[in-house]
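Trainee: Can we go through this model together? I'd like to start with the empty spaces and then look at charged pairs.
Mentor: Fine, bring it up.
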Amino acid sequence: MSTSRRELARSVVLACREAGTTHLFGVPGGGSNLDVVGEAHTAGIEFVLVHTETAAAVMAGVMGELTGAPGMCVATRGPGAASAVNGMAQALLDRQPVVLVTDSVAASDRARVSHQRLAQQALMTPVSKASVVLDGREADAALHLVATALAMPPGPVQVDLDPTVEAAATAAGSASLPPASEPIIDLAALVRRSRRPVLVVGVGAIVGGAAQRARVADAVRRFATAGNVPVLCTYKARGMVADTAPTCAGVATGATIESPVLHAADLIIGVGLDPVELIPAAWPYAAPLVLVGRWTIDDSTFFGDHLTTEYVTDIAVALDGAIDALATDWAAADGQAYRRQALAELAAQVPAAPVGLVPQQVVAIARSVAPADTVATVDAGAHMLVAMPLWEVDAPAHLLISSGLATMGFALPASVAAALAYPGRRVVCFTGDGGIGMALAELETLARLQLPVVVVVFDDALLSLIAAKQQPSGHGGEAAVRYAPVDFAAVAAGCGVAAERVDDHAAYEQALRRAFQRNGPTLIDVVVDPSAYAAVLDAIRGPREAPSA
């Protein structure tokens, strides 16, 4: 007996719900999209209508990251699937479980239909763990698909629903699960020979949802505290140790600003460290490097000969098993001293007479006004160089960014997902004028859902990070990086969002206080001075040289 398209939709929805999915994001077309939306409603999964498929996939990815359950989204065939590609790539490189259901031209119609017909499995193969066509012939196919999204490392899967195909087509690799067995490791032996170990915590430490994140964070904190061990956290792992903890040594990005503590180490333990997060510079540290994580790093030779050994195991068990071997030369608060040194370098990079606010002020003032448990989302761009280290957090999953893909247009849709995942919590969205320009329509989504999000726009009418990278060569000139001024406050007001435009310290702080007293969303368009970004970039990544003639 053949399976109907609606039955296929039901099987995917129920598999996601069983795994803990609570929301479905998308811009539905006809066909199977409407079947999925209808079945989601029946199953108690809330559908969130958005404006672009990229935003829907970003929201689903962030929801997957925060909850540990597969985020879910829908897109129509052809243009919808093509638009979702960037969000799927974001989920793939940030290790977020996502299930994308796309409409498709049925196999039975392909001979006569060319309109909106794309080879969607070929399109999705590079940006997904699996791209499949469900035809109903395999009873557990939907469950298997969800299991693939959740298997280590988590990531996105894409599915077409087509009961007319003769055999299910699968691309983008195998959907089989990794072996359940884990090697017995002796991290303690390596730790015992070390006097100055350093932990570098990465994205692999935060996957699996709130309970798993907390379990690993507790183990990291126990290990660090037992030996005064400095801890660096990548962008995704911020908060695995509190920023105010004596052991917190700051942020790890693969740049030079964190190098003093790593050069001082005689053993570097990467805890869930994945090179997808690190800038592609050479790994220069002489100390042995050990990776302890949930998956094997098999898609990169980034660490080269520096990698001594790699263990795929239960991170918390491995760290707890090595605590008794700690006998370090680190003093209490050595880690915090490294962090404060790095922050002082960033604070020093400010213009003498700024026009508007300096980026460091924008972040620091917001942090001082926002409630302690506020979640922040950060877009790609020059402002992230100050936002990520200066926004203090005391727990993981409170500071969200696109790290592996580093895509602009992330922060605004991410703030929607964060507000839905953390009902009752405040969210601050830090974005540049370039990033918000890519996601402007989602301001209407904020207004329609009345989410408590404060959008802070670093407005300098400039692609500031690219402008900083232009120096000292100047290639392309201002035409390559300069926008015409846009009144983002007026745009937000037109979407139903309360909005203000500010250009000084006092006005900005007052606008923030009003925003945090408001029940719904607010946008604050902040005039910022970008002149110090080049110096900030140099402080973090080291000075750049002009290309030779």
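Mentor: What follows covers cavities, a pocket, some salt bridges and one threonine; keep in mind that the model is predicted.

Trainee: How many cavities of 30 Å³ or more does the structure hold?
Mentor: There are three cavities of 30 Å³ or more. The largest cavity encloses about 270 Å³ of space.

Trainee: Which residues lie nearest the centre of the largest cavity?
Mentor: Gly250, Val251, Ile257, Ala342 and Pro389 lie nearest its centre, out of 22 residues that line the largest cavity.

Trainee: And which elements supply at least two residues of that lining?
Mentor: Strand S10 (248-251), helix H9 (259-264), helix H11 (334-347) and helix H13 (384-390) each supply at least two. H11 gives the most to the lining of the largest cavity, with seven residues.

Trainee: How does the lining of the largest cavity divide by class?
Mentor: It has 14 nonpolar, three polar and five charged residues.

Trainee: What about the second largest cavity, how much space lies in it?
Mentor: About 70 Å³. The second largest cavity is lined by 13 residues, and Gly272, Leu273, Gly293, Trp295 and Ile297 are the closest to its centre. At least two lining residues each come from strand S12 (289-293) and strand S13 (307-312). S12 has the largest share there, three residues.

Trainee: Which classes make up that lining?
Mentor: Six residues are nonpolar, four are polar and three are charged in the lining of the second largest cavity.

Trainee: Now pockets. How much space lies in the second largest one?
Mentor: The second largest pocket holds about 500 Å³ of space. Its lining counts 32 residues, with Ala380, Gly381, Met384, Ala406 and Leu465 the closest to its centre. The elements that give two or more residues to this lining are helix H15 (433-437), helix H17 (464-470) and helix H20 (533-541).

Trainee: Which element has the largest share of that pocket's lining?
Mentor: H17 does, with four residues in the lining of the second largest pocket. By class, that lining has 17 nonpolar, 10 polar and five charged residues.

Trainee: Switching to charges. How many salt bridges does the structure hold?
Mentor: It holds 19. As background, side chains of opposite charge can pair when their charged atoms come close.

Trainee: Give me one. What does the side chain of glutamate 65 meet in a salt bridge?
Mentor: The side chain of lysine 236, at 2.6 Å from N to O. Glutamate 65 sits in helix H3 (residues 53-67) and lysine 236 in the loop between strand S9 (231-233) and S10, so the pair links distant parts of the chain, 171 residues apart.

Trainee: Is that pair buried or exposed?
Mentor: Glutamate 65 is buried, and lysine 236 is buried too.

Trainee: Where do arginine 448 and glutamate 444 lie, and how far apart are they?
Mentor: They lie four residues apart in helix H16 (residues 442-449), so about one helical turn separates them. Their side chains meet in a salt bridge at 3.0 Å, N to O. Arginine 448 counts as partly exposed because its relative accessible area is 37%, and glutamate 444 is partly exposed at 25%.

Trainee: And glutamate 500, which side chain does it meet in a salt bridge?
Mentor: That of arginine 514, at 2.7 Å from N to O. Glutamate 500 is in strand S18 (residues 498-502) and arginine 514 is in helix H19 (residues 505-517), 14 residues apart. Arginine 514 has 36% relative accessibility, so it counts as partly exposed.

Trainee: Which residues do salt bridges that share partners join into one network?
Mentor: Arg6, Arg10 and Glu39.

Trainee: Last topic. Where does threonine 407 lie?
Mentor: Threonine 407 is in the loop between strand S15 (399-401) and helix H14 (411-421).

Trainee: Why does threonine 407 count as buried?
Mentor: Because its relative accessible area is 9%, and buried means under 20%.

Trainee: So what does the side chain of threonine 407 make a polar contact with?
Mentor: With the side chain of asparagine 86, at 3.1 Å. Leaving aside neighbours within four places in sequence, threonine 407 is in contact with Asn86, Gln90, Asp379, Ala380 and Ser402. Ala380 also appeared earlier, among the residues closest to the centre of the second largest pocket.

Note on methods
Residues numbered from 1 in each chain as written. Predicted model: local features only at pLDDT ≥ 70, side-chain atom pairs only at ≥ 80, totals over all residues. Heavy atoms only, no water. 1 Å grid on protein atoms, 1.4 Å probe; cavity = no way out; pocket = protein on both sides within 12 Å on 5 of 7 lines; lining within 4 Å. Points joined across faces, edges and corners; volume = space filled by probe spheres on them. Nonpolar A, V, L, I, M, F, W, Y, C, P; charged D, E, K, R; others polar. Salt bridge = Lys/Arg side-chain N within 4 Å of Asp/Glu carboxyl O. Buried < 20%, exposed > 50% of the residue type's maximum accessible area, 1.4 Å probe, protein only. Polar contact = N/O pair within 3.5 Å; in protein donor to acceptor, adjacent residues only side chain to side chain. Contact = heavy atoms within 4.5 Å.
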